[in-house]
Amino acid sequence: MTHLIATFFYVGHMRPAPGTWGSLAALPAAWLIYTLLGPWGLLAGAVISYFVGTWATKEETRGKENHDPSEIVIDEVCGQWIALLPVAYGAHMMSADITALWPGWVAAFLLFRLFDITKWGPIGWADRRNDATGVMLDDVIAGLFAAIVVIVLAGLSHGLLM
């Protein structure tokens, strides 16, 4: 069960770049959650994936030297869902079809991957914890950074920040 969760239904075994595959797999899952439960469902999914992901990661890495094996991608799923929250909230507030906001989806995906890969600032600090919390937390912070930039880009795109 922990392996199924940690690898997000075995997506983490896809090569190359399992983290990118995990982030990509998070997109249709986010669409499904949003369609069924709205933006609050996506927020709940991110919170639940954080806590369940921390537990699964801890169990999967117990007694092992590597605390962040590449096949564990539940952290990318959690972070990607956080990055998508402004898009989900915006679609809900405007009563728009969430797929019509596709530039926001693209921006959220690319920005999340950028922050997750480069590990700037507090993202790198969290990653260096070398424990299950750090595995999850670096992606949560990367997701938050991406979400902030998505909000700024949406504001610029809609003329709100000009």
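**Close-up views of a predicted model**

**View 1. Y10, a partly exposed loop residue.** Y10 has a relative accessible area of 46%, so Y10 counts as partly exposed. This model is predicted. Y10 sits in the loop between α1 and α2. The phi of Y10 is near 75°, a positive value in a residue that is not glycine. Most residues other than glycine have a negative phi.

**View 2. The cis peptide bond between R15 and P16.** R15 and P16 are joined by a cis peptide bond. Omega here is about -10°. P16 belongs to the loop between α1 (2-6) and α2. Most peptide bonds are trans.

**View 3. K119, in the loop between α4 and α5.** The loop that holds K119 leads to α5 (122-127). K119 is not glycine, yet its phi is positive, near 55°. K119 is partly exposed, because its relative accessible area is 25% and the partly exposed class runs between 20% and 50%.

**View 4. A nonpolar surface patch.** M1, I48, V52 and W55 make a nonpolar patch of about 440 Å² on the surface. W55 is part of helix α2, residues 18-61. With 43% relative accessibility, W55 counts as partly exposed.

**View 5. The largest pocket.** The largest pocket holds about 450 Å³ of space. Its lining has 15 residues. L101, G104, V150, A154 and H158 lie nearest the centre. Helices α3 (74-93), α4 (102-118) and α6 (132-157) each give at least two lining residues. The most come from α6, which supplies five. Which kinds of residue, nonpolar, polar or charged, make up the lining? Eleven are nonpolar, four are polar and none is charged.

Technical notes:
Residues are numbered from 1 along each chain as its sequence is written. This is a predicted model: local features need pLDDT of at least 70, side-chain atom pairs count only at pLDDT 80 or more; totals for chains, interfaces and linings use all residues. Side-chain values use heavy atoms; hydrogens and water are left out. On a 1 Å grid over the protein atoms alone, a cavity is a set of points where a 1.4 Å probe fits but cannot get out, and a pocket is an open set with protein on both sides within 12 Å along at least five of seven lines; lining residues have an atom within 4 Å of a point. Grid points are joined across faces, edges and corners, and a volume is the space filled by probe spheres set on the points. Helices (H or I, at least four residues) and strands (E, at least two) are DSSP runs, numbered from the N terminus. Ala, Val, Leu, Ile, Met, Phe, Trp, Tyr, Cys and Pro count as nonpolar, Asp, Glu, Lys and Arg as charged, and the others, Gly among them, as polar. Patches are made of residues with over 30% relative accessible area and no salt bridge: like charges are joined within 9 Å, nonpolar side chains (Val, Leu, Ile, Met, Phe, Trp, Tyr) within 5 Å. Accessible areas come from the Shrake-Rupley method with a 1.4 Å probe; for residues, only the protein chains shown count as cover. A salt bridge is a side-chain nitrogen of Lys or Arg within 4 Å of a carboxyl oxygen of Asp or Glu. Buried means under 20% relative accessible area, exposed over 50%, partly exposed in between (1.4 Å probe, protein chains only).
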